[in-house]
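Open your viewer, switch to a cartoon view and get ready to click along. We will begin with one pair of strands and then step back to the whole chain.

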Amino acid sequence: MLSSTLLDNRQRLIRSEILFRGTIDGASVHPREVVRVVLESNAAAIVAFHNHPSGEASPSHADELVTRRLREALQLIDVRVLDHLIIGDNQEYSFAETGLL
């Protein structure tokens, strides 16, 4: 499941929304759907987040690819991806904190 927190230009919450639901081992994420939701909300920034059912918070290659594609798609419309968080068992991974955003 990929969710996002949509923020205005002062980083105030507009809304949070589940964008995609997946299966036990993956989810298809389509950047154009994220762009659509962002435009409908008039958001200036987002924080994306999802869980890893395995409990391991380390990003997969697919996680890295989705993050890069989201950032590139949203840059085209001047929307910032502030972070992409992966939630595991009692741990989390932040793409922003590790410099991958």
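Select residues 80-88, strand β4, together with residues 91-94, strand β5: in this predicted model, the two strands run antiparallel and are joined by four bridges. Now add side chains here. Which residue of β5 does Ile-87 face? Glu-92 stands opposite Ile-87. As you look along the strands, keep in mind that side chains in a regular strand alternate between the two faces of the sheet.

Next, click on Asn-90, in the turn of this hairpin. Two residues lie between β4 and β5, and Asn-90 takes a positive phi near 55°.

Zoom out and colour by secondary structure. The chain holds five strands and two helices. Trace them from the N terminus and you will meet the order β-β-α-β-α-β-β. The radius of gyration is 13 Å, close to the 13 Å that the globule rule gives for 101 residues, so the chain is as compact as a globular protein of that length. Turn the C-alpha trace along its principal axes and it spans about 35 × 25 × 20 Å.

Now show the contacts. Among those with a separation of 6 or more, 61% are between residues 24 or more positions apart.

Finally, switch on the surface. The accessible surface is about 6200 Å², with 48% of it belonging to carbon and sulfur atoms, while 41% of the 101 residues count as buried. Colour by charge for the last stop: the chain has 10 positive and 14 negative charges, and their mean positions are 9 Å apart.

Definitions and conventions. Residues are numbered from 1 along each chain as its sequence is written. This is a predicted model: local features need pLDDT of at least 70, side-chain atom pairs count only at pLDDT 80 or more; totals for chains, interfaces and linings use all residues. Side-chain values use heavy atoms; hydrogens and water are left out. The radius of gyration is taken over C-alpha atoms; the globule rule is 2.2 Å times the number of residues to the power 0.38. Buried means under 20% relative accessible area, exposed over 50%, partly exposed in between (1.4 Å probe, protein chains only). Contact means heavy atoms within 4.5 Å. Accessible areas come from the Shrake-Rupley method with a 1.4 Å probe; for residues, only the protein chains shown count as cover. Lys and Arg count as positive and Asp and Glu as negative; His and the chain ends are not counted. The place of a charge is taken as NZ of Lys, CZ of Arg, CG of Asp or CD of Glu. Two strands pair if DSSP finds at least two bridges between them.
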